[in-house]
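Trainee: I would like to learn how to read a protein structure. Could you take me through one?
Mentor: Gladly! Have a look at this, and then ask away.

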Amino acid sequence: MARSKQRLSLSLSHFVFLLFLVQCRFINVFSILDPVDFLALQAIRKSLDDMPGSNFFTSWDFTADPCNFAGVYCDGDKVIALNLGDPRAGSPGLTGRIDPAIGKLSALAELSIVPGRIIGALPQSLSQLKNLRFLAASRNFISGGIPATLGQLRGLRTLDLSYNQFTGDIPRSIGTLPELSNVILCHNKLSGPVPPFLSQTLTRLDLKSNELSGSLSPYSLPPSLQYLSLSWNRLSGPVDRLLNRLDQLNYLDLSINQFSGPIPGRIFTFPITNLQLQRNQFSGSVQPADQVTIGSVDLSYNRLSGQVSPLFSTVQILYLNNNRFTGQVPGSFVDRLLNANIQILYLQHNYLTGIQINPTAEIPLSSSLCLQYNCMVPPVQTPCPLKSGKQNTRPSTQCSEWKG
């Protein structure tokens, strides 16, 4: 009985395809879609639906030419790109599952799925798409593991599976892909270590907001990286040798992990516009190699010590609070603060012993200064964040331990 139903289903599919061929001939269509691709598109359509308000599948009438369907792009008789869902911002997406038949689109180079409510796992059959260069399915509800067989897609350049519900490790095979340029796996539930990435063309790696753990070896990431975000994980260990190699970075966020050891002074000379290293266990003194030109630097909530370098006075937004800095605040900070060249200077919860600023000096309205809970009475009273507490000065018993 089951076999007869299957034969009936196949017969109906082939009948629809033959009807499509007849119509194409009638209207003098010269390119005819490969039958395997035609049947694969049918299976994909059956497993997906428009969410309320979406009319993406309206044009998917299989008595017409599938190469004219919304989101379907052909070269000759083969589908080379499939963009599932209305790409316009705010448009409702699709619901359902990704049918394994998608692996039959043998010439597919691009596959994207707009944000929606796609559920289930990524089909293992995606590994059959040997020409695939672009795979993006962000902001859905796809779950299960990332198939290790994606490592067979040797031409893959972009992998974006962000904002889903993937679990398990990032397969080491993904890191071996030689042409990767963008890997975006943020906002999932991935665990285990960050695998080595060997591609020398990798420019963007975004793994933030997962449950990754373990340490990073000095040669685990390529120097081609320009964007690196590993925040909100459980990563640990030193990264100074690794960071020293990544001199093309223009964005670096390692915040909210358990990284330790020194912060290399060389990274402050990189072309970074936003540096976020807060809420880790970095320790030791911080000595930039030159005047810092990064617009925003956050080193707060670490275990950094020693004196605050005057080379940080050129930073517009600077968070050094909740560390173990000692000594006087350099005068160059005061000059730039009073000239409204510094927007935020947070130094609270350290062991600083002084700052040369006139008690009657007026802090520009565009600038924020917080000196609370140091080994001094703040010479000027300025509004501080609520979480800084109400105590102006650190107890003298604590200060004596850090004096000098």
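Trainee: Which residue just after α5 takes a positive phi?
Mentor: That is Ala-340, with a phi of about 65°. Keep in mind that this is a predicted model.

Trainee: Let's stay with that helix, then. Which residues of α5 are buried?
Mentor: Start with the general idea. An α-helix has 3.6 residues a turn, so residues three or four places apart point the same way. Now the case here: α5 covers residues 331-338, and Phe-333, Val-334 and Leu-337 are buried. Their arc around the axis is only 100°, which puts them on the same side of α5.

Trainee: And what covers the buried residues of α5?
Mentor: Several strands take part, including β23 (317-319), β24 (324-329), β25 (344-346), β26 (351-355) and β27 (368-370).

Trainee: Now for the strands. How should I read a sheet?
Mentor: Strands of a sheet pair through backbone hydrogen bonds, either parallel or antiparallel. In this model, an open sheet of 10 strands shows parallel pairing, in the order β8-β10-β12-β14-β16-β18-β20-β22-β24-β26. Its edge strands are β8 (143-144) and β26, each of which pairs on one side only.

Trainee: How many bridges join β18 and β20?
Mentor: Two bridges, in the parallel sense, between β18 at residues 258-261 and β20 at residues 281-284. Within that pair, look for Ser-260, which stands opposite Gln-281 in β20.

Trainee: Which strands form the open sheet with mixed pairing?
Mentor: Three strands do, in the order β1-β4-β6. At the edges are β1 (48-50) and β6 (117-118); each has a single partner strand, so one side of each is left without a neighbour in the sheet. Strand β1 pairs with β4 (residues 94-96) in the antiparallel sense, over three bridges. There, Asp-50 has Leu-94 in β4 as its bridge partner.

Trainee: Let's try a loop. Is Ser-199 buried or exposed?
Mentor: Ser-199 is buried, because its relative accessible area is 2%, and the cut-off for buried is under 20%. You will find Ser-199 in the loop between β12 (189-192) and β13 (204-206).

Trainee: Which backbone oxygen lies 2.7 Å from a polar atom of the Ser-199 side chain?
Mentor: The one belonging to Leu-180. The side chain of Ser-199 also reaches the backbone oxygen of Pro-178, at 3.3 Å. Beyond its neighbours within four places in sequence, Ser-199 is in contact with several residues, among them Gly-175, Pro-222 and Ser-224.

Trainee: Where does Ser-313 lie?
Mentor: Look in the loop between β22 (303-307) and β23. Ser-313 is buried, with a relative accessible area of 3%. A polar contact of 3.3 Å joins its side chain to that of Ser-332. Remember Phe-333, one of the buried residues of α5? Setting aside neighbours within four places in sequence, Ser-313 is in contact with residues including Phe-333 and Arg-336.

Trainee: One last helix, please. What caps the N-terminal end of α2?
Mentor: Asp-34 does: a side-chain oxygen of Asp-34 lies 2.7 Å from the backbone nitrogen of Val-36. Helix α2 has 13 residues (35-47) and reaches 19 Å from its first C-alpha to its last, close to the 18 Å expected at 1.5 Å a residue. Its buried residues include Phe-38, Leu-41 and Ile-44.

Trainee: What feature does UniProt place at residues 37-75?
Mentor: An unreviewed UniProt entry gives "domain: Leucine-rich repeat-containing N-terminal plant-type" there. Over residues 37-75, the chain in the model is 28% helix and 18% strand.

Conventions: Residues are numbered from 1 along each chain as its sequence is written. This is a predicted model: local features need pLDDT of at least 70, side-chain atom pairs count only at pLDDT 80 or more; totals for chains, interfaces and linings use all residues. Side-chain values use heavy atoms; hydrogens and water are left out. Buried means under 20% relative accessible area, exposed over 50%, partly exposed in between (1.4 Å probe, protein chains only). Helices (H or I, at least four residues) and strands (E, at least two) are DSSP runs, numbered from the N terminus. The arc is that of the directions from the helix axis to the C-beta atoms. Contact means heavy atoms within 4.5 Å. Two strands pair if DSSP finds at least two bridges between them. A polar contact is a pair of N or O atoms within 3.5 Å; within protein, one must be able to donate a hydrogen and the other to accept it, and residues adjacent in sequence count only if both atoms are side-chain atoms. UniProt positions are given in the numbering used here, feature names are shortened, and annotations may be inferred rather than shown by experiment. The expected span of a helix is 1.5 Å times one less than its number of residues.
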